[in-house]
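Student: Take me through one part of this model up close, please, and then show me what sits around it in the rest of the chain. Skip the basics, but tell me how you're using your terms.

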Amino acid sequence: MTDALVIHVAVPAPMDGTLDYLPPAGSAEPPAVGSRVRVPFGRRRVVGIVTGSGERPRVSGHRLRRIQEVLDTDPLLPAELLQLGLWAADYYHHPPGEVLTGFLPVPLRQGQPAERRPPEYWQLTETGRGTNLEALRRRAPRQAAVLERLAEAPEGLPVAALADLEGDWRSALRTLEQRDLLVRTTPRQSSATIAPPALNEAQQQAAEAIVESLGGFRAHLLEGVTGSGKTEVYLAAVDATLARGEQVLVLVPEIGLTPQLIERFNARVPGRVAVLHSALADGERRDAWLAAAAGDVDVLIGTRSALFTPLPRPGLFIVDEEHDASLKQQDGFRYNARDLAAVRARDVDRPLVLGSATPSLESLHNAEAGRYSLLDLPRRAGAARPPRMELLDIRGQPLDAGVARPVQERMQQHLDGHGQVLLFLNRRGFAPVLLCHDCGWIAGCPRCDARLTWHQHAHRLRCHHCGYERPVDRQCQECGSTDLRDVGQGTEKLEHALSARFPDHGVVRVDRDSTRRKGAMSDMLEQARRGEARILLGTQMLAKGHDLPDISLVAILDCDHGLFGSDFRAPERMAQLITQVAGRAGRRERPGEVLIQTHHPEHPLLDTLLREGYGRFARTMLTERREAALPPHTHMALIRSEAVDAEAPKAFLEAVREAGEAQCGDDVLLMGPVPAPMERRAGRYRAQLLLQAAQRSPLHALLRRLVPVLPDLPGARRARWSVDVDPQDML
Ligand code: ADP
Ligand code: ZN
Ligand code: ZN
């Protein structure tokens, strides 16, 4: 091979395109497109990805450097994922090398060999099955937990299925092996252990539409009210896809919050299910990623970045809870996994299913425009009926820890009737404000424009925006008074109040503090399912798809801020949250009831939502967005900037605006710069410039010209910046 050839390499660095290198010394063949190479970059050596090759230009400005090492003989990223990565880099205006290397699990990104450890499966022995779990639980709780998990799967489980267990389950595993209670086994296709229910007519129609579209591209929006049986529709479509010998990719919001979905897939899919999520160790992620890439996985379930897993036989893409904000990455490469799933499905010519009880306005818009086919599940499955929703006017009413008397009475009735109660309060901690009663001083975060939340259990004041914390003040920092009082309610305070008011019923609190420990979430849900806890309270973590059969009353304590949020998406988010939380009520024969406390019982948004449901509400909002020329009818990008110096971000964005205005015609509107809604966060001042256009193409044409020159603009060295295409939050 001669040096007439140059290899294009995407390197993980903030640069616009790829770099050209000479082939490695003495090699006969150029490295395969999609394989990793080690290359010199500045004074460092980095791992990059080969995107192509070309002829060496006759006159070249500078001396080309040489690839030092080829790390893969076969491409690690198939052409299809390279194409997706380059498309996404262009669309989100993010460096292609960072996008593509970001697709890889960390060990592969660092250049380690693309080898996986042999899959490790474990199974109970005869003796293991006969173990007295009760006794073992007292003596060796970790061993008991491992045995218990394995007892759920007679054919054995991959070791990754134990990863969420608490503590050192690895050494528990070894001890159990020595005691002959379990053995290593060979992986086997799981056989479905539970027979599916007969689909109702709506489910059947939806499943048929998806199955008919297998083998080609088609995007379906599965709009099914809570409890309508969307998962059963997915499972039917999965069956048909596996029967074609193809693979399925399922994206879910947060694995830790949806243990039930994984359990259901494991129990029902006659094939090899793998899970990719952040609780896995790097090596486990690599193994699962490589197993899927080798075609040894039939169904891959994962959070947003699982979308970037190679699949040799892709057959179906499913995005569950497609409205969920976690599908959008909020830093670095700010992609939306839902939107990229549509791009990937189109690229490989296979169908996509987006499912939700509360579809995003973007997806409803696509359905109205005929780009997505709308599959409707208007009723709950089985015997369950929709819950009865009621607004409770709390103006002037006495509240105990934020709970009105009528709510407490209704709770008592439901508990007496052996129902379960769920209270929703989207604020963790004990109290959101610590106030000096003598002078009015409020404990604020020294690094943010925000108040500190009092966490009573931990005896700390914490900032929920930057992580700052300190012990609780004993004295006012202004006047020295010791009369400091808590104002407002958080979930901790509510938990105290409820435990005191209903001492005979177990109370479980679900929020980010109480679920920090691995496996805590599933334990709490299990407690609720067994009926040990009859009162559940918590934040939006409780809204996500849980199927708890005995919940008969849901009370939403505070949703009023959603009515007046500064973000134009605030009402949509509020409606989704109310609907999802309400959807936890009455999921079986027992009828459900939902009480919503509000100071604004006449608010038209609440009225539409309650009288006509989320579907009508969302379509009304969509019309309003059209009239206000807001997304999804128009397109936005946000250029954010931040610096320790208060003026630097604005000054830089002024320069960006000037450069932008010189480049664009009337097609793109530049608005700002304005301070971010919370101007100072983590010690930095923040500002933003909004770009808006009726059509995508002029917006992207402008960004394509503007983004590369940002580093050369005045003030660029004094402020950080980032580009967010289709921003979800205006923060
Ligand atoms: P969704 O995801 O739409 O909220 P699920 O798939 O969790 O709904 O289903 C809600 C409940 O209804 C589950 O317990 C499920 O087993 C049950 N279910 C679903 N489809 C049927 C059906 N066709 N017949 C009886 N029960 C069903
Ligand atoms: Zn004071
Ligand atoms: Zn802070």
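Tutor: Let's fix one term to start with: a strand here is a DSSP run of E with at least two residues, and strands are numbered from the N terminus. Bear in mind too that this is a predicted model. By that definition, Arg686 sits in strand S31, which spans residues 684–693. Its relative accessible area is 8%, and since buried means under 20%, Arg686 counts as buried. Trp721 lies 35 residues from Arg686 in sequence, with 9.6 Å between their C-alpha atoms.

Strand S31 falls inside domain 5 (635–725) of the domain assignment.

Now for the nonpolar packing. The largest nonpolar core has 115 residues, and those touching the most other members are Leu77, Phe333, Leu340, Leu352, Ile556, Val656 and Leu691. Helix H18 (residues 604–627) supplies the largest share of that core, with 8 residues. Zoom in on Leu340: setting aside neighbours within four places in sequence, it contacts Leu84, Trp87, Ala88, Tyr92, Leu307, Phe308, Phe333 and Tyr335. There's also a second, separate core of 28 residues, with Val248, Val269, Val299 and Ile301 among them.

Then there's the metal site. The zinc ion (ligand 2) takes its protein donors from the SG atoms of Cys436, Cys439, Cys476 and Cys479, at 2.3 to 2.4 Å. The angles among those 4 donor atoms run from 105 to 114°, and the site is tetrahedral. For reference, the ideal angle for four tetrahedral donors is 109.5 degrees. Read along the chain, the spacing of the donors is C-x2-C-x36-C-x2-C. Cys436, in strand S20 (residues 433–436), and Cys479, in the loop between strand S23 (469–471) and strand S24 (484–487), are 43 residues apart, so to speak a link between distant parts of the chain. Their surroundings contrast: Cys436 is buried, at a relative accessible area of 1%, while Cys479 is partly exposed, at 42%.

Last, the domain level. Besides domain 5, the assignment gives domain 1 (6–109), domain 2 (121–185), domain 3 (201–377) and a two-segment domain 4 (388–429 + 489–627). Taken over C-alpha atoms, the centres of domain 3 and domain 4 are 28 Å apart. Where these domains meet, 24 residues of domain 3 are in contact with 25 residues of domain 4. About 2100 Å² is buried between domain 3 and domain 4, and carbon and sulfur atoms give 53% of that area.

Note on methods: Residues are numbered from 1 along each chain as its sequence is written. Chains are lettered from A and ligands numbered from 1 in the order in which they are written. This is a predicted model: local features need pLDDT of at least 70, side-chain atom pairs count only at pLDDT 80 or more; totals for chains, interfaces and linings use all residues. Side-chain values use heavy atoms; hydrogens and water are left out. A nonpolar core is a set of buried Ala, Val, Leu, Ile, Met, Phe, Trp, Tyr and Cys residues joined through side-chain atoms within 4.5 Å. Buried means under 20% relative accessible area, exposed over 50%, partly exposed in between (1.4 Å probe, protein chains only). Helices (H or I, at least four residues) and strands (E, at least two) are DSSP runs, numbered from the N terminus. Contact means heavy atoms within 4.5 Å. Donors are N, O and S atoms within 2.8 Å of the metal (3.2 Å for Na, K and Ca); water is not among the atoms, so sites may look incomplete. Four donors count as tetrahedral if all angles lie between 85 and 135 degrees; four count as square planar and six as octahedral if opposite donors are over 155 degrees apart and all others between 65 and 115; anything else is irregular. Domain bounds come from an automatic or database domain assignment. Buried area is the accessible area (1.4 Å probe) that two parts lose on being put together, summed over both.
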